[in-house]
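Colleague: Could you take one part of this fold and go through it closely for a first-year student? Please begin with a single pairing of strands and then work outwards to what surrounds it.

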Amino acid sequence: MTRYRCIPIDAAVADRFRRSGRDDFDNALRRITATGTGGFPCRLCLLCAEPGESMLLGSCDLRRPRGIYWTPSPIFLHARTCQGFEATDVVAPIIRVNALVSVRAYDADDLCLYDLGHVCAGAEVDAPLLHALDDPRTAFVNVHTARPGCLLSRVERVAATASAAP
């Protein structure tokens, strides 16, 4: 099985957003109170906000893909400090709870691999995600909300570690 990891935004970006109140394009962040589960996915801890939690909304300059397929993405971020997601071989909760996600694979040149793209319910993302990661052309996968198109998480393979010889 291909090992993978869902990659949150950089903690330094989250800290800068919270500290400055500005996003990557110098827009003022909007403070929004979460009204229900599932609709306010934090891109650092990769968990959905609980009702009543304060969230920040701003635009993030995605690290990849660059070039032709580059696009910024609106993101939510907990207004409070939270920890970056670090689990391996676990689909991020914000992907799982999403009604409809788009799996988008990219090669090492940041070109979209259209034949590996797939739209499905977040609860059913395992097979298309692993299919994309198993393809040797894939450098990384971005999983977006399928309707608005916001990035939920980048997904990368975890490098195999060599076992130590006795």
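Modeller: In this predicted model, strand 7 (residues 140-145) and strand 8 (residues 151-157) are joined by four bridges and pair in the antiparallel sense. As general background, the strands of a sheet pair through backbone hydrogen bonds, and the pairing is either parallel or antiparallel. One position shows the pairing directly: His144 stands opposite Leu151 in strand 8.

This pair belongs to a wider arrangement. Five strands make up an open sheet, in the order 1-8-7-5-6, and their pairing is antiparallel. Strand 1 (4-7) and strand 6 (118-120) each have a single partner strand, so they stand at the edges and one side of each is left without a neighbour in the sheet. On average, and with direction ignored, neighbouring strands of this sheet are turned by 25° against each other.

A useful residue to follow within the sheet is Ser102, which is found in strand 5 (residues 101-106). Is Ser102 buried or exposed? Its relative accessible area is 10%; buried means under 20%, so Ser102 counts as buried. The side chain of Ser102 makes a polar contact of 3.1 Å with the side chain of Arg104. Apart from residues up to four places away in sequence, Ser102 touches His118, Val119, Asn142, Val143, His144 and Ala146. His144, the residue that stands opposite Leu151, is thus also one of the residues that Ser102 touches.

The stretch that leads into strand 5 deserves the next look. Asn98 lies in the loop between helix 2 (93-96) and strand 5. Asn98 is also buried, with a relative accessible area of 16%. If its neighbours within four places in sequence are left aside, Asn98 is in contact with Ala121, Gly122, Ala123, Thr145 and Leu152.

The aromatic rings offer another view of how parts of the chain meet. In general, a pair of aromatic rings is described by the distance of the centres and the angle of the planes. How many aromatic pairs are there, if the centres must lie within 6.5 Å? The count comes to four. In one of them, Phe40 and Phe76 are edge-to-face, with 5.1 Å from centre to centre and 65° between the planes. This pair links distant parts of the chain, as Phe40 is in the loop between strand 2 (30-33) and strand 3 while Phe76 is in strand 4, 36 residues apart. Phe40 and Phe76 are both buried.

Tyr69 and Tyr114 form an aromatic pair that is edge-to-face as well, at 6.1 Å centre to centre and with 70° between the planes. Tyr69 lies in the loop between strand 3 and strand 4, and Tyr114 in the loop between strand 5 and strand 6, so this pair ties together parts that are 45 residues apart in sequence. Tyr69 is partly exposed, with a relative accessible area of 25%, whereas Tyr114 is exposed, with a value of 60%. Ring pairs also link Tyr69, Tyr106, Tyr114 and Phe140 into a cluster.

Strands 2, 3 and 4 have now been mentioned, and they form a sheet of their own. This open sheet of three strands has the order 2-3-4, again with antiparallel pairing. Strand 2 and strand 4 each have a single partner strand and stand at the edges, so one side of each is left without a neighbour in the sheet. Here neighbouring strands are turned by 35° against each other on average, direction ignored. Strand 2 and strand 3 run antiparallel and are joined by four bridges, and Thr33 stands opposite Ser54 in strand 3.

Finally, a helix rests against this sheet. Helix 1 lies across strand 3 and strand 4, running at about 80° to strand 4. Which residues of helix 1 (residues 11-20) are buried? They are Val13, Ala14 and Phe17. Seen down the axis of helix 1, these buried residues fall within an arc of 100°, so they line one face of the helix. They pack against strand 3 (54-60) and strand 4 (73-78). The face turned away from the buried side carries the exposed residues Ala12 and Arg19. Helix 1 is followed by Gly21, whose phi is positive, near 75°.

Definitions and conventions. Residues numbered from 1 in each chain as written. Heavy atoms only, no water. Pairing = 2+ DSSP bridges. Helix = DSSP H or I, 4+ residues; strand = E, 2+ residues; numbered from the N terminus. Axes fitted to C-alpha atoms, helices over the stretch in contact; angles between N-to-C directions. Buried < 20%, exposed > 50% of the residue type's maximum accessible area, 1.4 Å probe, protein only. Polar contact = N/O pair within 3.5 Å; in protein donor to acceptor, adjacent residues only side chain to side chain. Contact = heavy atoms within 4.5 Å. Arc of directions from axis to C-beta. Phe/Tyr/Trp six-rings, centres within 6.5 Å; stacked < 30°, edge-to-face > 60°.
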